[in-house]
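Me: I would like to learn how to read a few features of a protein model carefully, with the criteria stated as we go. Could you take me through them in turn?

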Amino acid sequence: MKHFITIISLLAALSWMGCRKETPIDEDGLLITTRAECYVSNFELLGADFQTVRTKNAVIDTVACTVDVTVFYGTDLTHLYPQFTLVTDAKLDPKITGFTDFSDLTNPRTYTVISGNRQVRKTYKVLVTVQSR
């Protein structure tokens with residue numbers, strides 16, 4: 001009788017594992033969650049030496065979806081490395097893969113934050129201002 005109960009328990013555990021849904025993964029191999037939050041919580045802008053070029057903290061407006069950042073006078077705007085901190089489970093599009101050219105100040109760069117459930121998207125403009133002399 002003891003063996004029968006053990007076998008039944010083992011079969012029940014195996015059938016439960018066999019019926020479990022696969023964890024959803026997106027095209028980047030990231031886990032898709034139920035989170036619908038979608039925003040930038042912090043922003044950093046680094047120069048070629050990976051030191052900050054910001055004069056002060058970036059101003060992030062999550063309603064207007066803008067990131068305003070002022071950089072030091074003389075900063076090489078063609079070779080900057082942006083770093084975004086996002087809400088949990090969100091991802092950024094396009095991905096940051098290297099240095100980026102921010103020299104066209106009239107056409108700000110845009111980045112889209114995609115929520116953990118991949119259903120909410122917010123496009124942020126990064127507005128760079130150069131500190132005056």
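Reply: What follows is a short walk through the sheet, the core, one arginine and the cysteines. This is a predicted model, in which local features need pLDDT of at least 70 and side-chain atom pairs count only at pLDDT 80 or more, whereas totals for chains, interfaces and linings use all residues. Residues are numbered from 1 along each chain as its sequence is written, and side-chain values use heavy atoms, with hydrogens and water left out.

Me: In which order do the strands of the open sheet lie, and which strands are at its edges?

Reply: Strands (E, at least two residues) are DSSP runs numbered from the N terminus, and two of them pair if DSSP finds at least two bridges between them. Here 5 strands form an open sheet in the order β2-β3-β7-β6-β5, with mixed pairing; its edge strands, each paired on one side only, are β2 (59–61) and β5 (91–93). β5 runs antiparallel to β6 (residues 109–114) and is joined to it by 3 bridges, with D93 standing opposite T112.

Me: Which residues touch the most other members of the largest nonpolar core?

Reply: In soluble globular proteins, nonpolar side chains tend to be buried together. A nonpolar core is a set of buried Ala, Val, Leu, Ile, Met, Phe, Trp, Tyr and Cys residues joined through side-chain atoms within 4.5 Å, where buried means under 20% relative accessible area, exposed over 50%, and partly exposed in between (1.4 Å probe, protein chains only). The largest one has 22 residues, of which F43, L45, V126 and V128 touch the most other members, and β1 (40–46), β3 (66–71), β6 and β7 (121–130) each supply at least two residues of this core.

Me: Is R109 buried or partly exposed, and what does its side chain reach?

Reply: R109, which lies in strand β6, is partly exposed, with a relative accessible area of 36%. Contact means heavy atoms within 4.5 Å, and, leaving aside residues up to four places away in sequence, R109 touches T100, D101, F102, Y124, K125 and V126. Its side chain reaches the backbone oxygen of D101 at 2.8 Å.

Me: How many disulfides does a search of the whole structure find, and why is C38 not bonded to C65?

Reply: A disulfide is a pair of cysteine sulfur atoms within 2.5 Å, and the search finds 0. The closest cysteine sulfur to that of C38 is in C65, at 7.8 Å, so the two are too far apart for a bond. C38 is buried, with a relative accessible area of 3%, and C65 is buried at 12%.

Key: Helices (H or I, at least four residues) and strands (E, at least two) are DSSP runs, numbered from the N terminus. A polar contact is a pair of N or O atoms within 3.5 Å; within protein, one must be able to donate a hydrogen and the other to accept it, and residues adjacent in sequence count only if both atoms are side-chain atoms.
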